[in-house]
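Subject: Structure for your review

Dear colleague,

Please find below the structure that I am handing over to you, followed by an account of what was found in it. I should be grateful if you would read the two side by side.

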Amino acid sequence: MKVRAGCSRAAGSGQQIMHSYVESFMSKTIQEINEKIKKGSAVVVTAEEIIGIVHKKGAKRAAAEVDVVTTGTFGPMCSSGAYFNLGHTKPRIKIGGGTCTLNDVPCYTGFAAVDVILGATAMPDYDQRNAAYPGSFKYGGAHVIEELVAGKAVKLSATAYGTDCYPSKSVETMVYLADMNEAVLFDPRNCYQNYNVAVNCSDRVIYTYMGRLLPRIGNANYCSAGQLSPLLNDPLYKTIGIGTRIFLGGGQGYVSWQGTQHNPNVKRSGNGVPRMGAGTLAVMGDLKQMSPEWLRGASMTGYGVTLTVGIGVPIPILNEEIVQYTAVRDEEIFAQVIDYSKNYPEVIPGSVAEVNYAQLKSGSITLEGRQVPTGGLSSYVAAKKIAAILKQWIADKKFYLSEPVALLPSVDSGGSVKLMADRPVKK
Amino acid sequence: MPKKRVVLTFPPTLVSHPVTYHLVKDYDLMVNILRGVVTPNEESGLVVELSGAKHALEEGMKYLSETGIHVQPLGQDIKWHADKCTHCTACIPACPTKALTVDRESMEVSFEKDKCIACELCIQICPYRALEIQF
């Protein structure tokens, strides 16, 4: 298979055939694209490369010639975790309703005998948290996941109350990922479609999940791969849906649902791109296929532990409209600058300014008439690499596109993200 | 005027020793303290920029070593682990001397030891512990 940025064809009659194909092109199906992948004739480019192609050839020709656009993102997302089936002990133990830790990090045990869930933000009971402000949050669930994927041994400690059929009351052992019957990465929310740019309007330094923010708007931190980000290349969720096969943590995973707080009903630009956080994806995949390069435990000073997850989504170029979406550029994607000292914590609407990703990536933005340095939390370098890996997988016929079983709720879905109800509690 | 940026590590017994006084008074050196961690009864560290005549600098350094203070050139003290860096760029605005920079074309982060004053501001910012202090 040829993977290329340009789409030139053989001269002569071949060129004429291509010309008439472009002229008559209306649309193609995922099934047709998969046939091309199988034959080695699919044209795959990254979300960065498609920009120049659409600019040079126009959307109609680009849609006819390009079959898949690959995207990527590598940013921290707290709503990440993994579930495990640890295998039964002899005699058996029912950890369900008991306790379980992995390297002292507590797991959730409200399931069956040896099924546990480990959340990215969980941390050992002995961690001081923010008692010694700002806490350093050196180790938590995300780091356990990274170490397991790296093939390291992890200490499992569990206690149970004991039953006739599960008599053991405690177990302590070293476990490896390979020992587990099932180990599944499951992120209830990831792949945020756009996000806030965080600043601090107060007079003191604050520590947030968006990093350390200096007083009086001393810096501005953003978190999106911009023009490479999956949902910014399919802004109205026309191809990405439940069952979409994706690059996840270095392996192949799936979109399992819309992510929590999926909110399509926000302010959008003419190109359909939301101007603030909007859609999200719930994703899952086999942890045993994944790599520590693409699942990284992260320690946010003063905030907590989180997991940085590599995700890449292929966008099938079904028609001219889809290719036009994928050609979106950083300067056309806008985000809201939010004060994390007051507006964010107090849930007060309002934004300090609106900026685009080309400005953010330049290293400084102008706010209140002066230059403010910008820092990223999502790695563009890694996003680019993920899009390139996914492109190569398709070229190598290791990755085929899947038909979504159902599309995600879009702008016509109504509804919005609600705050928690505040009601008197019955005593 | 010749300058030297050095990291001074004091054993617990020398913490009360007035090093900067002697460097100024006896060797006519200008001492600019870039940062310091001084804790009684524990090993302590001072990052200083010394400037003065070439000969005076040499004599001053000799005095420090003979006193029992460990002297090492600055720049060896903050280590950037390229393999741990994800190139997220969170550290970039924090670095006061532009030792950490990003190529805006490729968005790749790089570290220039010579420009680093070991202020440690980047240490608590890097979520991946790609920057490490080696006092």
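**The surroundings of A:Gly98**

Setting aside residues up to four places away in sequence, A:Gly98 has contacts with A:Thr109, A:Ala158, A:Thr159, A:Ala160 and A:Tyr161. Please bear in mind throughout that this is a predicted model. A:Gly98 belongs to the loop that joins β4 (81-85) to β5 (99-102) of chain A. Is A:Gly98 buried or exposed? A:Gly98 has 19 C-beta neighbours inside 10 Å, and a residue needs 20 or more to be buried, so A:Gly98 is classed as partly exposed. From A:Gly98 to A:Ile315 the C-alpha to C-alpha distance is 44 Å, with their positions 217 residues apart in sequence.

**A three-stranded sheet in chain A**

A:Ile315 leads to an open sheet of chain A, in which three strands are arranged in the order β1-β2-β21 with mixed pairing. The edges are taken by β1 (44-46) and β21 (314-316) of chain A; each has a single partner strand, so one side of each has no neighbour in the sheet. On average, and with direction ignored, neighbouring strands of the sheet are turned by 25° against each other.

Strand β2 (residues 68-70) of chain A is joined to β21(A) by three bridges, and the two pair in the antiparallel sense. Within this pairing, A:Val69 has A:Ile315 of β21(A) as its bridge partner. Helix α9(A) lies across β1, β2 and β21 of chain A, and its direction makes an angle of about 175° with β1(A).

**The nonpolar core and helix α5(A)**

The largest nonpolar core contains 154 residues. Which residues have the most contacts inside it? They are A:Ile50, A:Val66, A:Ile145, A:Val197, A:Val323 and B:Cys91. Helix α9(A) supplies the largest share of this core, with eight residues.

For A:Val323, leaving out residues up to four places away in sequence, the residues touched are A:Ile50, A:Val54, A:Ala59, A:Ala62, A:Ala63, A:Val66 and A:Ile317.

A:Ile145 is one of the buried residues of α5(A). Helix α5 (residues 141-149) of chain A has nine residues, of which eight are buried, so the helix is largely enclosed by the rest of the structure. Besides A:Ile145, the buried residues are A:Gly141, A:Ala142, A:His143, A:Val144, A:Glu146, A:Leu148 and A:Val149. After α5(A) comes A:Gly151, which has a positive phi near 85°.

**Where chain A meets chain B**

The contact between the chains involves 25 residues of chain A and 15 residues of chain B. On the side of chain A that touches chain B, the elements giving two or more residues are β3 (73-77), β13 (211-213), β19 (295-300), β25 (370-376) and α9 (380-395) of chain A. By type, the residues on this side of chain A are nine nonpolar, 13 polar and three charged.

**Chain B**

Chain B has two helices and eight strands, which follow the pattern β-α-β-β-α-β-β-β-β-β along the sequence. Its C-alpha trace spans about 50 × 35 × 20 Å along the principal axes. Of its 135 residues, 30% count as buried. Among contacts in chain B with a separation of 6 or more, 65% are between residues 24 or more positions apart.

Four strands of chain B form an open sheet with antiparallel pairing, in the order β2-β3-β1-β4. Its edge strands are β2 (30-37) and β4 (70-73) of chain B, each of which pairs on one side only. From one strand to the next, the twist averages 25°. Strand β1 (residues 3-10) of chain B runs antiparallel to β4(B), and four bridges join the two. B:Leu8 has B:Val71 of β4(B) as its bridge partner.

Helix α2(B) lies across β1, β3 (44-51) and β4 of chain B and runs at about 135° to β4(B). The axes of helix α1 (residues 19-27) and helix α2 (residues 54-67) of chain B come within 10 Å and cross at roughly 140°. The crossing of α1(B) with α2(B) is right-handed. To this contact α1(B) gives B:His22, B:Leu23 and B:Tyr27, while α2(B) gives B:Ala56, B:Glu59, B:Gly60 and B:Tyr63. Four of the residues in the contact are nonpolar, two are polar and one is charged.

With kind regards

Methods:
Residues are numbered from 1 along each chain as its sequence is written. Chains are lettered from A and ligands numbered from 1 in the order in which they are written. This is a predicted model: local features need pLDDT of at least 70, side-chain atom pairs count only at pLDDT 80 or more; totals for chains, interfaces and linings use all residues. Two residues are in contact if their C-beta atoms, placed from the backbone, lie within 7 Å. Ala, Val, Leu, Ile, Met, Phe, Trp, Tyr, Cys and Pro count as nonpolar, Asp, Glu, Lys and Arg as charged, and the others, Gly among them, as polar. Two strands pair if DSSP finds at least two bridges between them. Axes are lines fitted to C-alpha atoms, for helices over the stretch in contact, and angles run from 0 to 180 degrees between N-to-C directions. A residue is buried if 20 or more other C-beta atoms lie within 10 Å of its own, exposed if 12 or fewer, and partly exposed in between; C-beta atoms are placed from the backbone. A nonpolar core is a set of buried Ala, Val, Leu, Ile, Met, Phe, Trp, Tyr and Cys residues joined through C-beta atoms within 7 Å. A crossing is left-handed if the near helix is turned anticlockwise from the far one by less than a right angle, and right-handed if clockwise.
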